[in-house]
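Open the model in your viewer and keep the selection tool at hand. The stops below go from one chain to the contact between chains and then to a sheet.

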Amino acid sequence: MLLAELSEAIGVSGAEYEIRDLIREEIKEHVDEIRTDALGNLIVHKEGDSSLPTLLLAAHMDEIGLMVTKVEKNGLLSFKPIGGIDKRVLVSKKVVVGKDKIPGVIGAKAIHLQRPSERKRPLKIKQLYIDIGAKDDKAAKKVVNIGDTATFATKFSQLGPKTVKGKAFDDRVGCSVLMELLRNDYDFPLYGVFSVQEEVGLRGAGVAAYDINPDLTIVIEGTTASDVPGSKEHVYSTTVGEGPALTMMDMTIIPNRGLMQSIIETAEDTNIGYQFRRSTAAGTDAGRIHLLKEGIPTAVVSVPVRYIHSPASLLNLDDYEATKNLLNEFCKRLSSGGFNFEKDN
Amino acid sequence: MESKDFLKSLSNKTGVSGTEEEITKAVKEVFGDYIDESRTDALGNLITLKRGEGKESDKPQIMLAAHIDEIGLMVKEIDEKGFLKFTTVGGIDQRTLVGQEVLVYGKEVVKGIIGAKPPHVQDKKEQKQAIKLKDMYIDLGRNVKEVKGLVEVGDLIVVTREFCDLEGNRVSGKSLDDRAGVTMVLECLKELQRLKHASDVYGVATVQEEVGVRGATTSTYGIVPDIGIAIDVCHGEMPGVSDEETANLGEGPVIFLGPQVHPKLHKKLKRIAQEFDISYQIGTSTSPRGTDAFAIQVTRSGIPTALVSIPLRYMHTSVETLDLNDIKKGGRLLANFISQVDSEFVEGLRCF
């Protein structure tokens, strides 16, 4: 399964080597042009009828992670987070460090040595270390360097009959949907961007889209699903199992109404269940892309994912299929000139 | 079987206190090559015997005890949406649980993830606090009907963690407390193949240590040893912990001192280590709780007891880390100790 490979590949923001190589290898057969830019974005192009709108589909390939900031005398590695990580999820986890994927663990003081009050306070990043088993700094420096990134050593697997778990579904699920769509042929000019550095401030996508200058953009994301205990139904941002989530507004974008409407119409006409993302928090690459040049009509379609930015996230395969189907139906309709877009919409 | 492979196989298996059968079976199979007989008692302790060459009438009986049970979690409630609420079995820091993958031992072994209220729906105050056990749940990625068909209240749960090699001789995994101790007993039995020993050696894989040293209580009663040695793990050095409470990884087994340790046993273990050039460390334990030595010492009319430990970082997390050399050295230490015990030495243990 494509998503399994994508989930297990490493690629923390700014160090997307492995994931980029994997995607490039998988899709090069299916596109007319494939290139990387100065930031490391992977950009692909499928030629089409220039009288039809040019569509850009974008998904980010980077993931949150850690960066080694110091090798301590005793061989332990100090680190800082890259991207938004709740420090409380780091304790007692296995990670891999650097390109060679050196295994390490993030431990914590034994419960026997703690005062009960300590257990009420989260451990600070400064109190946590990656332990690669090196007996001192010399041994550690043989296999890791300052600046190496680390990510969770999480295996992809099936959970329930419809659900899977793995790391970095935000946004490897978007990459996976995009890669599957790129295998199809549509009549309009299609660009795909696998962007870098989304998790550290939407750095990559805007740069990549600048030269493409698309007429329309759809960003494909893995977005947070909070349909879990402790969270009231009215604050669920999205619900797992209820189909692709359409963003109405977040911190970075109010999507183009016309484009949104055409996605909704596509869903209604083809009987694909969808939901709205019922939270205005956070942002995506769309925030950068829609403000490029004189503005680009942009929308965001997401697969709901529980526990994003954690060692193990969860998604529903029906949501994945529905998201892919919805975007495929949209593309088919765009091919046949089924939408009436004005560039200055 | 190589000791590392043995430790790996035990670490990857599950045996929460009270349900240690899978571990007992694996230990029995591997110990089988080095022992004369074995049995299981009513609590589930695996008691193995390697006979010594001494005269039947005054053969010293030495017991080596290492516990095979592990800490875990238990299903407390299945909510209306199929999420599981849970409680702990043994001492677990709640902060080590969020974001863990788990296995739930229901009708089948079911995979899940420990979740909590998402950060963006927590208020500012909540975000600054550790997430409480009562606010966590297990997500099986299944609907409530499927969940209820597979899981019941009372089912046991363990954190999923594959044993892994780190740099040098260090390894990491779950439940190395105290399957590393069982591995040291195996190392000792291997060493004893080429040493002469008068004493009968009981290698015991004890159960239910984590919930109150219960297995050692009954197994010691059954064996009536002249000498009991508990083999467990102790805290390895790490930032934020005072070095008087810890030992260093890779610098040898820790020979403990304290009220539960017979002074003559401590002295002899130390002398053997010196004689055979085995690096060792001294540990102090002021309160005799927390290891099988606590139970062994006060069995029947009292048993001379010692405690030998393996330094281990991050005890009771899923990423316990240790140095394999400490286990090997400990095995050699125990075997050489055993080969030098005779009835005269045992006699002397009653003379203060």
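Domain bounds here come from an automatic or database domain assignment. The model is a predicted one.

**Stop 1: the domains of chain B**

Select residues 3-70 together with 174-348 of chain B; these make up domain 1. Colour residues 72-159 of chain B separately, as domain 2. Taken over C-alpha atoms, the centres of domain 1 and domain 2 of chain B are 34 Å apart. Where the two meet, domain 1 of chain B contributes 11 residues and domain 2 of chain B contributes 13. On the domain 1 side of this contact in chain B, 6 residues are polar, 3 are charged and 2 are nonpolar.

**Stop 2: a helix pair in chain B**

Stay in chain B and select helix α5 (residues 176-192) and helix α9 (residues 324-339). How do these two lie against each other? Their axes come within 7 Å and cross at roughly 50 degrees. Angles from 35 up to 65 degrees fall outside the parallel and perpendicular classes, and α5(B) and α9(B) are therefore oblique to each other. The crossing of α5(B) past α9(B) is right-handed.

Show side chains next. The α5(B) residues in the contact include B:Ala180, B:Met184 and B:Leu192, and among those they meet in α9(B) are B:Ile327, B:Leu334 and B:Ile338. Charged residues also take part, including B:Glu187 and B:Lys190 in α5(B) and B:Arg332 in α9(B). By class, the contact of α5(B) with α9(B) has 8 nonpolar, 5 charged and 3 polar residues.

**Stop 3: where chain A touches chain B**

Now show both chains. In this contact, 52 residues of chain A face 53 residues of chain B. Three strands of chain A, β6 (93-97), β7 (102-106) and β11, each supply at least two residues of the side that touches chain B. Of the elements of chain A, β7(A) gives the most to that side, with 3 residues. The side of chain A that touches chain B has 26 nonpolar, 14 polar and 12 charged residues.

**Stop 4: a sheet in chain A**

Strand β11 of chain A also belongs to an open sheet of 3 strands, in the order β10-β11-β17, with antiparallel pairing. The edges of this sheet in chain A are β10 (157-158) and β17 (313-316), each paired on one side only. Select β11 (residues 163-166) of chain A: 4 bridges join this strand to β17(A). One place to zoom in is A:Thr163, which stands opposite A:Asn316 in β17(A).

Finally, add helix α8 (residues 317-335) of chain A, which packs on the sheet and touches β11 and β17 of chain A. The direction of α8(A) makes about 60 degrees with that of β17(A).

Notes. Residues numbered from 1 in each chain as written. Chains lettered and ligands numbered in written order. Predicted model: local features only at pLDDT ≥ 70, side-chain atom pairs only at ≥ 80, totals over all residues. Contact = placed C-beta atoms within 7 Å. Pairing = 2+ DSSP bridges. Axes fitted to C-alpha atoms, helices over the stretch in contact; angles between N-to-C directions. Parallel < 35°, antiparallel > 145°, perpendicular 65-115°, else oblique. Left-handed = near helix turned anticlockwise from the far one by under 90°.
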